[in-house]
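Please walk me through the fold of this chain, beginning with how its strands pair and going on to its cores and its pocket.

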Amino acid sequence: MGAQYWSGSALNENKGMVDNLQRCGVITSRKVGEVMETIDRALFVPGGLQPYVDSPMPIGYNATISAPHMHATCLQLLEKNLQPGMRVLDVGSGTGYLTGCFALMVGPHGRAVGVEHIPELVSFSIENIKKSAASQLLKDGSLSVHGGDGRQGWPDLGPYDAIHVGAAAPEIPQPLIEQLKPGGRMVIPVGNIFQDLKVVDKNSDDSISIRTETSVRYVPLTSREVQLRG
């Protein structure tokens with residue numbers, strides 16, 4: 001999705017960002033709108049950047065935080081798999097923004113797990129979440145962020161109803177398919193230069209259905225070493 005839904009001179013607050021996404025028809029779910037209003041994006045965007053503009057932002061380490069319309073799209077694609085009490089894995093959790101949104105969706109009886117391979121971003125995301133509306137969930141342990149190679153998932157806390165991957169893989173990593181519950185859904189950008197946001201559903205017989213949602217541009221899902229080399 002190359003199109004930006006608005007640019008930000010007049011947009012200086014989180015609610016305005018959500019209102020714009022609703023006006024543009026990007027957010028149609030009441031629950032997704034509420035969660036994005038509750039988690040203030042400004043707490044997750046490095047200082048000096050405009051947090052409410054609809055574009056990706058650099059967060060250091062050759063990583064980005066996705067544009068708000070992509071976050072909204074992924075939350076809506078996963079909404080049925082983010083019901084209270086469900087389990088969600090966020091691969092390449094970066095700033096922790098979407099991990100915090102997932103945690104609010106699944107609530108205190110659910111489990112939201114972030115995996116990030118850059119240690120400084122793990123620390124950054126935990127500090128960000130502590131300042132946000134998801135802080136209590138972090139304290140109570142229903143939300144956690146771990147350092148590790150997200151291509152391997154986080155099997156200790158799986159299987160998962162929902163998996164979100166925030167970086168583009170050349171193909172869908174097998175461990176992530178294995179860690180999806182039957183009935184579970186994964187949203188993952190797939191491709192190298194040209195990428196598609198794929199929706200992967202695991203059926204009750206463990207077979208997989210895959211469809212393409214939209215064209216996207218994400219940073220690559222790689223090793224830490226390759227990412228830091230840029």
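Two strands count as paired if DSSP finds at least two bridges between them. The model examined here with that criterion is a predicted one. Tyrosine 160 gives an example of such a position, standing opposite leucine 180 in β7. The strands concerned are β6 and β7, which run parallel and are joined by four bridges.

On its other side, β6 (residues 160-165) pairs with β3 (residues 87-91), again in the parallel sense and over four bridges. Here valine 91 has valine 165 of β6 as its bridge partner. Strand β7 (residues 180-191) also pairs with β8 (residues 195-202), but in the antiparallel sense and over seven bridges. Valine 190 stands opposite aspartate 196 in β8, and a hairpin through three residues makes the connection from β7 to β8. Of the twelve residues of β7, nine are buried, which leaves the strand mostly covered.

These pairings belong to an open sheet of seven strands, ordered β5-β4-β3-β6-β7-β8-β9, with mixed pairing. Strands β5 (143-147) and β9 (208-216) are at the edges; each has a single partner strand, so one side of each lacks a neighbour in the sheet. With direction ignored, neighbouring strands are turned against each other by 15° on average. Helix α5 (residues 119-131) packs on this sheet, where it touches β4 (111-116) and β5. The direction of α5 makes about 165° with that of β5.

Next come the nonpolar cores. The largest one has 49 residues, and those with the most contacts inside it are Met36, Leu75, Leu82, Tyr97, Phe102, Leu143 and Leu197. Helix α4 (residues 97-106) supplies the largest share of this core, seven residues. A second core, separate from it, has 19 residues, including Leu89, Ile177, Leu180 and Leu221. Leu180 is thus a member of the second core as well as the residue opposite tyrosine 160.

Leucine 75 shows what the surroundings look like in the largest core. Neighbours within four places in sequence aside, leucine 75 is in contact with Val32, Met36, Leu82, Leu98, Cys101 and Phe102. Leucine 75 is also among the buried residues of α3. Eleven of the eleven residues of that helix are buried, so α3 is largely enclosed by the rest of the structure. The buried residues of α3 are not only nonpolar by name: among them are His69, His71, Thr73 and Gln76.

Helix α3 (68-78) also gives two or more residues to the lining of the largest pocket, as do β2 (63-65), β3, α4 and β4. This pocket has a volume of about 600 Å³. Its lining is made up of 42 residues, with Thr64, Ile65, Ser66, Gly166 and Tyr218 lying nearest the centre.

Two of those residues lead on to another part of the chain. Thr64 and Ile65 are in contact with methionine 57, a residue of strand β1 (residues 57-60). Is methionine 57 buried or exposed? Its relative accessibility is 8%, and the cut-off for buried is under 20%, so methionine 57 counts as buried. With neighbours within four places in sequence left aside, its contacts also include Arg41, Val45, Leu49, Gln50 and Ala63. Aspartate 19 lies 38 residues from methionine 57 along the chain, and the C-alpha atoms of the two are separated by 20 Å.

Notes
Residues numbered from 1 in each chain as written. Predicted model: local features only at pLDDT ≥ 70, side-chain atom pairs only at ≥ 80, totals over all residues. Heavy atoms only, no water. Core = buried A, V, L, I, M, F, W, Y, C linked by side-chain atoms within 4.5 Å. Buried < 20%, exposed > 50% of the residue type's maximum accessible area, 1.4 Å probe, protein only. Contact = heavy atoms within 4.5 Å. Axes fitted to C-alpha atoms, helices over the stretch in contact; angles between N-to-C directions. 1 Å grid on protein atoms, 1.4 Å probe; cavity = no way out; pocket = protein on both sides within 12 Å on 5 of 7 lines; lining within 4 Å. Points joined across faces, edges and corners; volume = space filled by probe spheres on them.
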